[in-house]
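Colleague: I have a model open and would like to learn how to read it. Can we go feature by feature?

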Amino acid sequence: MNTTFKLLSKVMVLILLGNLNLMAQETRSEEPELKNSFLLNFGYTHIPGSSELHSEASGDVFVPAIGFDYSREISERWELILMLDFELGKYLVLSKELNRENAFMVLGGASYELFSFFKVMAGLGIELEKNENLFVTRLGGEFIHELNGPWGLMAGAYWDYKQEYATYSLVVGVGYRF
């Protein structure tokens, strides 16, 4: 009986050590990959050579804008982006006699991470508006500041060529990676 007890004790210790080793391997998992991100941004779009819709003054108009971006990392430095922007204003592009009112822009594009804190991006899309829809080309840059966890802050500048005229935008936003 004594030898049977010793043998069972050794088998139990081996099973226990094997299970502890497997449990230790399970807890040593790598950090999860955060390949997707959402970004909510607020900013102003500068429209040179325009005026507010019901104003006699000509010059430049600054229109507030809200944006919502989704991006998917496809490699270490490249991301695909879907951008949805909404301008909250009414203005007239004087050189083209073009009325614009609460325009909604949908763009698809890509960004490249030059540095850990700076990305450049380019995209194509369409600006939908009740008077006339326009084709849009966007170029821009974004400064990224990562916070603790999956959150981050962003400041960006964009140049949009809208088939008939060009605009400039400055935005700030908050993002979440998952």
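Modeller: Start with burial. Buried means under 20% relative accessible area, and exposed means over 50%. Keep in mind that this is a predicted model.

Colleague: Then is Arg-100 buried or exposed?

Modeller: Arg-100 is buried, because its relative accessible area is 0% and the cut-off is under 20%. Arg-100 sits in strand S5, residues 98–101.

Colleague: What does the side chain of Arg-100 pair with in a polar contact?

Modeller: The partner is Glu-129. The two side chains make a polar contact of 3.0 Å. Beyond four places in sequence, Arg-100 also touches other residues, including Tyr-91, Glu-127, Asn-131 and Tyr-165.

Colleague: Let me step back to the fold. How many helices and strands does the protein have?

Modeller: There is one helix, and there are 10 strands. Read from the N terminus, the order is α-β-β-β-β-β-β-β-β-β-β.

Colleague: What share of the protein is buried?

Modeller: Of the 178 residues, 32% are buried. Contacts give another view. Among those with a separation of 6 or more, 50% join residues 24 or more positions apart.

Colleague: Next, the nonpolar cores. Which residues make up the largest one?

Modeller: A core is a set of buried nonpolar side chains joined through atoms within 4.5 Å. Here the largest has 10 residues: Leu-39, Ile-81, Met-83, Met-105, Leu-107, Met-121, Val-136, Met-154, Tyr-158 and Val-171. Strands S3, S6 and S9 each give two or more residues to this core.

Colleague: Which residues does Met-121 touch?

Modeller: Leave out residues up to four places away in sequence. Met-121 then touches Ile-81, Met-83, Ala-110, Ser-111, Arg-138, Leu-139, Gly-140 and Tyr-158. Ile-81, Met-83 and Tyr-158 are also members of the largest core.

A second, separate core has eight residues, among them Ile-47, Tyr-91, Leu-98 and Tyr-165. Tyr-91 and Tyr-165 are also contacts of Arg-100.

Colleague: Now the empty space. How do I tell a pocket from a cavity?

Modeller: A pocket is an open set of points. In a cavity the probe fits but cannot get out. The largest pocket here has a volume of about 560 Å³. Its lining counts 31 residues, and Ser-37, Glu-79, Lys-119, Ile-144 and Arg-177 lie nearest the centre. Strands that give two or more residues to this lining include S1 (36–52), S6 (104–115), S7 (118–128) and S10 (166–177).

Colleague: How does the pocket lining divide by class?

Modeller: It has 15 nonpolar, six polar and 10 charged residues.

Colleague: And how many cavities of 30 Å³ or more does a search of the whole structure find?

Modeller: The search finds one. The largest cavity has a volume of about 110 Å³. It is lined by 15 residues, with Thr-45, Ala-65, Asp-85, Arg-138 and Ser-169 nearest its centre. The classes are five nonpolar, five polar and five charged.

Colleague: Which strand gives the most to the cavity lining?

Modeller: That is S1, with four residues. S1, S2, S3, S9 and S10 each supply at least two.

Colleague: I want to compare Ser-111 and Tyr-112. Where do they lie, and how accessible are they?

Modeller: Ser-111 is in strand S6, and so is Tyr-112. Ser-111 is buried, at 2% relative accessible area. Tyr-112 is partly exposed, at 26%.

Their contacts are worth listing too. Beyond four places in sequence, Ser-111 touches Arg-77, Trp-78, Glu-79, Ile-81, Lys-119, Val-120 and Met-121. On the same basis, Tyr-112 is in contact with Arg-77, Trp-78, Phe-118, Lys-119 and Val-120. The C-alpha atoms of Tyr-112 and Ser-75 are 9.7 Å apart, across 37 residues of chain.

Colleague: Last, backbone angles. Which value of phi does Glu-97 have?

Modeller: Look for positive phi in a residue other than glycine. Glu-97 has phi near 50°. Glu-97 lies in the loop between strand S4 (90–93) and S5, and is exposed at 66% relative accessible area.

Colleague: What is phi for Asn-102, and where does this residue lie?

Modeller: Phi of Asn-102 is near 45°, again positive. Asn-102 belongs to the loop between S5 and S6. With 32% relative accessibility, Asn-102 counts as partly exposed.

Technical notes
Residues numbered from 1 in each chain as written. Predicted model: local features only at pLDDT ≥ 70, side-chain atom pairs only at ≥ 80, totals over all residues. Heavy atoms only, no water. Buried < 20%, exposed > 50% of the residue type's maximum accessible area, 1.4 Å probe, protein only. Polar contact = N/O pair within 3.5 Å; in protein donor to acceptor, adjacent residues only side chain to side chain. Contact = heavy atoms within 4.5 Å. 1 Å grid on protein atoms, 1.4 Å probe; cavity = no way out; pocket = protein on both sides within 12 Å on 5 of 7 lines; lining within 4 Å. Points joined across faces, edges and corners; volume = space filled by probe spheres on them. Nonpolar A, V, L, I, M, F, W, Y, C, P; charged D, E, K, R; others polar.
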